[in-house]
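User: I'm new to reading protein models and would like a guided tour. Can you take me through some features step by step?

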Amino acid sequence: MKYCRFQLHHQTHYGLVESVAGVEQITRLLLSPPEEAGESLEDVPTRRMDHLSLADAVLLAPVPVPQIVCVGRNYRDHAAELGNEVPAEPLIFFKPPSSLLAPGEEVRRPQISGRVDYEGELGVVVAKTCYQLGPEQDVRPYILGYTAVNDVTARDLQSKDGQWTRAKGFDTFCPVGPLVTDEIDPWAGIGVETRIDGAVRQQGNTKDFIFPLEVIIRYISQVMTLMPGDLISTGTPKGVGPVVAGEVMEVIVEGVGSLRNRVS
């Protein structure tokens, strides 16, 4: 099942996304927030609506106000390209909910930064309350679905500060979308790609994670309680680089779709 969050007639809705004649369309309204569904999106009641092409919809971030927990340096080649050691355990940090940005909206470069980078990633949406999972406990029931994330970063400030809150936390620095799906399997390998003005800059696959999802989720759950609707961003492959005003960043996650945002 796939769903999005969108505006229609000045109201916010969740919508079921299905392929109709090869075109992704919003076909039904979800009558309750998906993050309240628990383990299965199939339990969310729906209502018929006039079909609306996903490309024509006014999309919102599919997770409304989540806790955003990110994993750094989860691909060996990305750690190497920035001159960093591969971490011995998951390296986690936060992006504030105020950094959340909808598909199609503009990422604003802060004037105090001389270099702002794209970082395309797979995002995991939490299904239910998750705390202190055991070492053998299955994490899949705690996953509602997957989405695309752009972990936009003020790279110069990240280096200057020595910690990442400011560099990662500016408003608009966390584009998410265009939808959430439970129809893909990162353990089997999901492609993650970033394009700038159509040119491919990043190409990775979740099979190359240093820390697979079960390690990430169990690790985070030992530190904090994850709540339904929270977002975990799982790390970016090599190829990160700067963007300038006017360029369009496009994060493509296989089975999720394309998350596009222009830089201002």
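Analyst: Let's begin with exposure in this predicted model. E24 counts as partly exposed because its relative accessible area is 29%, between the cut-offs of 20% and 50%. K2 has a relative accessible area of 16%, so K2 is buried, being under 20%.

User: What do the side chains of E24 and K2 form when they meet?

Analyst: A salt bridge, with 3.1 Å from N to O. The pair ties together distant parts of the chain: E24 belongs to strand β3, K2 to strand β1 (residues 2-8), and 22 residues separate them in sequence.

User: How many salt bridges does a search of the whole structure find?

Analyst: The search turns up 12. One of them joins the side chains of K95 and D151, at 2.6 Å from N to O. This pair also bridges distant parts of the chain, 56 residues apart: K95 is in strand β7 (residues 91-95), while D151 is in the loop between β11 (143-150) and β12 (153-154).

User: Are K95 and D151 buried or exposed?

Analyst: Both K95 and D151 are buried. Now look at D117 and R155, whose side chains form a salt bridge at 2.9 Å, N to O. D117 comes from strand β9 (residues 116-118) and R155 from helix α2 (residues 155-161), 38 residues apart. D117 and R155 are both buried.

User: Which residues are joined into one network by salt bridges that share partners?

Analyst: The network takes in K95, R115, D117, E119, D151, R155 and K168. You can trace it by moving from one shared partner to the next.

User: Let's turn to charge on the surface. Which residues form a negative surface patch?

Analyst: E42, D43, D182 and E183 make up that patch. Take D182: its place is the loop between β13 (174-181) and β14 (191-196). With a relative accessible area of 31%, D182 is partly exposed. That value matters for reading the patch, because patch residues need over 30% relative accessible area and no salt bridge.

User: Is T181 buried or exposed?

Analyst: T181 is buried, because its relative accessibility is 0%. T181 sits in strand β13, and its side chain reaches the backbone nitrogen of E183 at 3.0 Å.

User: What should I look for in the backbone itself?

Analyst: Try the peptide bonds and the phi angles. The bond from G177 to P178 is cis, with omega near 5°, and P178 is in strand β13. For phi, look for positive values in residues other than glycine. A21 is such a case, with phi near 55°.

User: Where is A21 found, and how exposed is it?

Analyst: A21 is in the loop between β2 (11-20) and β3 (23-30). Its relative accessible area of 81% is why A21 is called exposed. D197 is not a glycine either, yet its phi is positive at about 50°. You'll find D197 in the loop between β14 and β15 (199-205).

User: How do I spot residues that are far apart along the chain but meet in space?

Analyst: Compare their separation in sequence with the distance between their C-alpha atoms. S221 and L133 are 88 residues apart along the chain, and 6.2 Å separates their C-alpha atoms. S221 lies in helix α4 (residues 213-223), and its relative accessible area is 0%, so S221 is buried.

Technical notes
Residues numbered from 1 in each chain as written. Predicted model: local features only at pLDDT ≥ 70, side-chain atom pairs only at ≥ 80, totals over all residues. Heavy atoms only, no water. Patch = residues over 30% accessible without salt bridge, like charges linked within 9 Å, V, L, I, M, F, W, Y side chains within 5 Å. Areas by Shrake-Rupley, 256 points an atom, 1.4 Å probe, with all protein chains shown as cover. Salt bridge = Lys/Arg side-chain N within 4 Å of Asp/Glu carboxyl O. Lys, Arg positive; Asp, Glu negative; His and termini not counted. Charge placed at Lys NZ, Arg CZ, Asp CG, Glu CD. Helix = DSSP H or I, 4+ residues; strand = E, 2+ residues; numbered from the N terminus. Buried < 20%, exposed > 50% of the residue type's maximum accessible area, 1.4 Å probe, protein only. Polar contact = N/O pair within 3.5 Å; in protein donor to acceptor, adjacent residues only side chain to side chain.
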